[in-house]
Amino acid sequence: MSIELQCPVPHFNHETIQMAHGAGGVLSRELTRKVFLPCFGNSSLDTLDDQAKLSIGAGKIAFTTDTFVVSPIFFPGGTIGDLAVNGTVNDLAVGGAIPLYLSAGFVLEEGFPLTDLQKVVSSMADAADKAGVQIVTGDTKVVEKGQCDGIFINTSGIGVIKNGIDISCTNLKPGDSIIVSGTLGDHGMAVMAARKGLSFQSDIISDTRSLSALISEILDEVPEVHAMRDPTRGGLAATLNELAEASRKGIVLDESTLPVRPDVQGASELLGIDPLNVANEGKVVVAVPRESAEKVLRVMQRHAYPSAGDAAIIGEVVDEHPGMVIVRTFLGSKRILEMPLGEQLPRIC
């Protein structure tokens with residue numbers, strides 16, 4: 001049976017899928033723009049926000065989906081289960097939505113311990129309860145031993161968008177302040193610390209948690225927020241490059257303000273990894289008019305995770321160098337913060 005291609009045939013530098021295609025960097029973007037958008041493109045998808053914003057009657061909902069393949073499935077500070085719930089809840093919340101309902105799809109490998117499955121499901125239930133959402137539908141598939149690495153989880157979510165909220169990665173304006181809610185790189189380094197063959201002595205724990213309460217409070221006090229993203233795959237570097245590219249604006253960061261824990265910085269240096277490229281699972285990046293930045297910062301500090309001093313104003317949006325992110329270094333020089341080619345730490349979410 002021959003299959004007639006209905007979409008343009010793109011040119012690639014690779015003939016097969018590479019690990020970097022799933023890492024949230026340059027190759028992920030290439031895959032999205034050359035394969036998926038030409039076939040699936042529509043007004044909801046084309047913005048490439050973390051969620052689709054859909055009109056239902058007089059209101060709007062947000063809809064998102066994500067698949068989790070983290071290895072190992074238990075790591076300092078979390079499990080693949082609470083990661084799956086929190087990741088999907090956060091993708092709804094950064095679109096200005098109140099998360100309500102999730103689905104959960106499981107791919108289980110033959111021979112996977114039922115006690116481990118119980119731990120994963122229990123962690124999901126606890127995370128859903130803390131986030132104020134319900135898991136209302138799901139599916140389970142079992143594959144032969146060797147066809148899956150223990151357990152993979154897909155979660156989709158639906159939330160209601162508050163009236164008057166217009167948040168998108170295309171909305172950055174010159175003069176906006178860029179704020180991050182806490183320390184960077186914690187999740188990726190926690191997973192690395194737990195991974196066989198790459199472990200090292202460390203007290204680093206994952207930051208996986210729901211951001212919905214924090215974001216709801218931010219929007220109650222500062223509804224004029226322009227954009228929000230949770231810097232997951234590809235870390236802060238990928239997130240800011242996506243924002244700059246989508247809005248066709250430049251971003252300038254002050255390196256001295258970037259909050260990175262000393263142990264994360266030390267582990268990153270040991271492994272030759274830039275912590276700005278490392279995934280986070282419980283932090284949010286906010287772009288907001290400069291006059292409202294301190295108000296957003298105070299809300300973040302009230303939530304105090306891990307500590308009140310970790311949230312920081314780290315940069316600003318400018319008209320210059322559209323689509324690029326520039327870092328002012330400790331030495332007063334400037335460097336380009338590029339979109340990561342791929343994730344140095346594969347399978348961290």
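## A guided tour from Asn42 outward

Select Asn42 and Phe40 together, and look for the backbone oxygen of Phe40, which lies 3.0 Å from a polar atom of the Asn42 side chain. Keep in mind throughout that this is a predicted model. Now add Ser44 to the selection, and you will find its backbone nitrogen 3.0 Å from a polar atom of the side chain of Asn42. Asn42 itself belongs to the loop between α1 and β1, the strand of residues 52-56, and with a relative accessible area of 37% Asn42 is partly exposed. If you also select Gly77 and draw a line from C-alpha to C-alpha, the line from Asn42 spans 38 Å, although the two residues are 35 apart in sequence.

Return to Phe40 and show its side chain together with that of Phe36. Both residues lie in helix α1, which covers residues 26-40, and they are 4 residues apart, or about one turn of the helix. How many aromatic pairs does a search of the whole structure find? The search finds 1. The partners are Phe36 and Phe40, whose ring centres are 6.3 Å apart, and because their planes stand at 15° the pair counts as stacked. Colour the two residues by accessibility, and you will see Phe36 as partly exposed at 38%, while Phe40 is exposed at 53%.

The next stop is strand β2, residues 59-68, where you should pick out Phe63. Phe63 has a relative accessible area of 38% and is therefore partly exposed, since that class runs between 20% and 50%. Select Tyr101, Val136 and Ile158 as well, and show the surface: with Phe63 they form a nonpolar patch that has about 350 Å² of accessible area together.

Follow the chain from β2 into the loop that leads to β3 (74-75), and stop at Pro72, which lies in this loop. Is the peptide bond from Ser71 to Pro72 cis or trans? This bond is cis, with omega near 0°. That deserves a careful look, because most peptide bonds are trans. Then select Phe74 and Lys119, and turn the view until you look onto the ring of Phe74: the charged end of Lys119 sits over this ring, 5.8 Å from its centre.

For the following stop, go to the loop between β8 (176-180) and α4 (186-194), where Thr183 is found. Is Thr183 buried or exposed? Thr183 has a relative accessible area of 4%, so Thr183 is buried. Add Asp186 to the selection, and you can trace a polar contact of 2.7 Å between the side chains of Thr183 and Asp186.

The last two stops concern the backbone angle phi, which is negative for most residues other than glycine. Select Arg248, in the loop between α6 (235-247) and β10 (250-254), where phi is positive at about 55° although the residue is not a glycine. Then move on to His321, in the loop between β12 (312-318) and β13 (325-328), which also is not a glycine and has a positive phi of about 35°. Before you leave His321, turn on its surface, where a relative accessible area of 24% makes this residue partly exposed.

Notes
Residues numbered from 1 in each chain as written. Predicted model: local features only at pLDDT ≥ 70, side-chain atom pairs only at ≥ 80, totals over all residues. Heavy atoms only, no water. Patch = residues over 30% accessible without salt bridge, like charges linked within 9 Å, V, L, I, M, F, W, Y side chains within 5 Å. Areas by Shrake-Rupley, 256 points an atom, 1.4 Å probe, with all protein chains shown as cover. Salt bridge = Lys/Arg side-chain N within 4 Å of Asp/Glu carboxyl O. Helix = DSSP H or I, 4+ residues; strand = E, 2+ residues; numbered from the N terminus. Buried < 20%, exposed > 50% of the residue type's maximum accessible area, 1.4 Å probe, protein only. Phe/Tyr/Trp six-rings, centres within 6.5 Å; stacked < 30°, edge-to-face > 60°. Lys NZ or Arg CZ within 6 Å of the ring centre and 35° of its normal. Polar contact = N/O pair within 3.5 Å; in protein donor to acceptor, adjacent residues only side chain to side chain.
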